[in-house]
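Student: Could you take me on a close look at one part of this structure, the way its nonpolar residues pack together inside? I would enjoy one connected walk-through.

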Amino acid sequence: QQQQQQGSVGKSPLTFARFATLSFLWTPEGAGESFVTVQQSFDIAFTIAVADRGTPVWYPAAQFYRAWALNNAQWTRKGPVALRKDFPAWYLQNNLWANTGWQGRDIFNVTEGDPAVVLDCVSQIRQRFNTTMALHWYEWQQGPNPDPAQRYRFDTHYPDYFPARPGFADTVAKLTSMGVAVFPYINGRIFDVNSQSYINDHGDSYCTQDAEPIYGDQELSFYTETYGSGATFHVADPSLQYWHDKISNV
């Protein structure tokens, strides 16, 4: 879209042009494979519609997507959460969520997640509010070395967590008896390149790779992420049975 505006400096007329660029990026199936094994041309499997930004179309467009998602997306086609039968009763009836500590740099102190501290804090919250409650427990993992200094800290070693911290199981039992549902934090998306699972299982075989910028390029790079812990992660491929089994077995 181009708009022309007239202006002048002294007696010289000036023309100003404003341009807007619109592009679509779609990675076809097999983009990371050799051209020997995939076709070199393809058709986009959906229709693209473009409208002027001055027309209020975002809400109608969202309704088109909503109509499709409600009937087709796995996470919505079973109906409203409140009416579904595959959610546990405690989840639907819960009034309060708490977690064991948080701040913006993704770095926890040494007491957050400690079973004794968690039991004390959650017991006080439960008594104070006297309602249904659930706990999202961060920093519950210990790892194979019992030395507290060698514990698996937050955002490290994923998807390896066990053994849990000493006292974890007893604290879960006590909280459960108080009516508190306990949900230990795990990360089901990223794979620590220094974890034993990544090293022993050849984790690079189970992580997503960027097919850009060249279709059919064999030299693909991994999606790499890092957070407050300083650990390096690749993004696991959620479609693979290996990752399904790894996460479901935690």
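Tutor: Happily! The protein chain holds six helices and 10 strands; these are DSSP runs, helices being H or I of at least four residues and strands E of at least two, numbered from the N terminus. The model is predicted, so local features need pLDDT of at least 70 and side-chain atom pairs count only at pLDDT 80 or more, while totals for chains, interfaces and linings use all residues. Residues are numbered from 1 along each chain as its sequence is written, and side-chain values use heavy atoms, with hydrogens and water left out.

Of the 250 residues of the protein chain, 28% count as buried (buried is under 20% relative accessible area, exposed over 50%, partly exposed in between, with a 1.4 Å probe and protein chains only). Looking at contacts (heavy atoms within 4.5 Å) between residues at least 6 apart in sequence, 61% join residues at least 24 apart.

Now to the interior. The largest nonpolar core has 20 residues, and Val122, Leu135 and Tyr158 touch the most other members. Such a core is a set of buried Ala, Val, Leu, Ile, Met, Phe, Trp, Tyr and Cys residues joined through side-chain atoms within 4.5 Å. At least two residues of this core come from each of helix 3 (115–129), strand 4, helix 4 and strand 10 (232–235). Strand 4 gives the largest share, three residues. As for Leu135, its contacts beyond four places in sequence include Trp97, Val118, Val122, Leu175, Val182 and Phe183.

A second, separate core of eight residues includes Phe191, Val193, Tyr242 and Trp243. Tyr242 and Trp243 bring us to helix 6 (residues 241–248), whose buried residues are Tyr242, Trp243 and Ile247. These three lie on the same side of helix 6 because they cover an arc of only 120 degrees around the axis, the arc being that of the directions from the helix axis to the C-beta atoms. They pack against strand 6 (190–192) and helix 5 (196–200). On the face turned away from the buried side, helix 6 carries the exposed residues Gln241 and Ser248.

One more buried residue deserves a visit. Arg165 sits in the loop between strand 4 (133–137) and helix 4 (168–177), and Arg165 counts as buried because its relative accessibility is 8%. Beyond four places in sequence, Arg165 touches residues including Glu112, Asp114, Glu139, Trp140 and Arg151.
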